[in-house]
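Thanks, everyone. I will take a few minutes on one model and its ligand site, and then stop.

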Amino acid sequence: MDPSITSEAAIGVRNPAKLAPLPHKVVGPEIFSEFSLKDKVAVVTGGDGGLGLEFCIVLAELGAAVYAIDLPAKPSADFEAAAKYCRRLGTSLEYRRADISDSLRATAILEEIANNNDGRVDVLIAAAGILGDEHDVEAYPAESFRKVMDINCGGVFYSAQAAAKIMKRKGIAGSIILIASISGSVTNRDMKWSAYNVSKSAVVQMGRSMACELGQFGIRVNTLSPGHIRTKMTAQTLESDTKMEAFWASLNPLGRIGAIHELRGVIAWLSSEASSFCTGSDIIVSGGHTAW
Ligand SMILES: NC(=O)c1ccc[n+]([C@@H]2O[C@H](COP(=O)([O-])OP(=O)(O)OC[C@H]3O[C@@H](n4cnc5c(N)ncnc54)[C@H](O)[C@@H]3O)[C@@H](O)[C@H]2O)c1
């Protein structure tokens, strides 16, 4: 396990004590170094756009070499702009095409990334997902249900499984973040998204289950459950009904839906040593949607 992640680390209250005999040493804040991902390799599924691309940028800003996995043959213009920005920062953001619901492909692409990086994957964020079709529960087509489960549940499991195998083999105290949703804990009022809700509940339990098995290797697994955030996934519903945004906003105490950048802090925390004692947790960032 990374020796800096121990109770003996000279951070927090230990740092002033360590510096006391050196009164002339210039000191600065230590907190930011706890969020550093310098020399780390990070992978984000669903990283071509939406929340996944924002996560890629956060990881690169923290110093990681970042790989995004997604479906299109060529990455989006937004991705290209982000990759250019990451190069200017002195880090990297690369694109890999893969369908993560194909278990063999998901494993192969993670192994390829590790092979190109001295066997390392330090952080995995499993953000690829679909909303699926909206149907009355009693009429939900089996094929649509299967597709949602294959991607949101199967794909998250296969990519996390592959990352865990790489981390364990290399002795890396890595961080795996599974993107769930408030829909894994509560049902979105008046929305007929039963398959999606089932899949996200499964992701929350997957996170706990993986955390319990992998903790002995120092590998942490948490789920992040956002509330309503405007992305390509939610745009269709928001644009189909002009009253929808106000309705969703009324469902949380802050009275608004979230913006993509409002997950930057929690991703920085969960992916880095700043969250070294956090595993098996579901972190809800939703404007308080589940508080009432
Ligand atoms: N936007 C929200 O309000 C919200 C709220 C809670 C949870 N989430 C979750 O956050 C994650 C990101 O969603 P988003 O809102 O950014 O949506 P999005 O549609 O903008 O992004 C999802 C990405 O996943 C990719 N993807 C889909 N299937 C894939 C597959 N089989 N293999 C590889 N990539 C695949 C898509 O191409 C897309 O780039 C999803 O898991 C979603 O369920 C979103």
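I will go through the ligand and its surroundings, and then the pocket.

Before anything else, keep in mind that this is a predicted model.

Start with where the ligand is. The ligand sits in the largest pocket. Three helices each give two or more residues to the shell around the ligand: helix 2, residues 50-61, helix 6, residues 194-214, and helix 7, residues 232-240. Helix 7 gives the most to that shell, with 3 residues.

Now the shell by residue. There are 26 residues around the ligand, and those that come nearest are L51, D70, Y196, I229 and T231. By class, the shell divides into 14 nonpolar, 8 polar and 4 charged residues.

Next, the polar contacts to backbone. L51, already listed among the residues that come nearest, has a polar backbone atom 2.8 Å from an oxygen atom of the ligand. For A127, the distance from a polar backbone atom to a ligand oxygen is 3.0 Å. At G227, a backbone N or O atom and an oxygen atom of the ligand are 3.4 Å apart. As for cover, the ligand on its own has 820 Å² of accessible area, and the protein covers 94% of that.

On to the pocket itself. The largest pocket holds about 1100 Å³ of space. Its lining is made up of 43 residues, and G129, I130, L131, T231 and M233 are the closest to the pocket centre. T231 therefore deserves a second look on your screens: this residue is on the list of those nearest the ligand and on the list of those closest to the centre of the pocket.

Which elements supply at least two residues each of the lining of the largest pocket? They are helix 2, strand 2 at 65-70, helix 5 at 142-170, helix 6 and helix 7. Helix 7 has the largest share of that lining, 6 residues. Sorted by class, the lining has 19 nonpolar, 16 polar and 8 charged residues.

To close, the point to take away is helix 7, which gives the most to the shell around the ligand and the largest share of the lining of the largest pocket. That is all I have.

How values were computed
Residues numbered from 1 in each chain as written. Predicted model: local features only at pLDDT ≥ 70, side-chain atom pairs only at ≥ 80, totals over all residues. Heavy atoms only, no water. Near = heavy atom within 4 Å. Polar contact = N/O pair within 3.5 Å; in protein donor to acceptor, adjacent residues only side chain to side chain. Areas by Shrake-Rupley, 256 points an atom, 1.4 Å probe, with all protein chains shown as cover. 1 Å grid on protein atoms, 1.4 Å probe; cavity = no way out; pocket = protein on both sides within 12 Å on 5 of 7 lines; lining within 4 Å. Sits in = over half its atoms within 2 Å of the grid points. Helix = DSSP H or I, 4+ residues; strand = E, 2+ residues; numbered from the N terminus. Nonpolar A, V, L, I, M, F, W, Y, C, P; charged D, E, K, R; others polar. Points joined across faces, edges and corners; volume = space filled by probe spheres on them.
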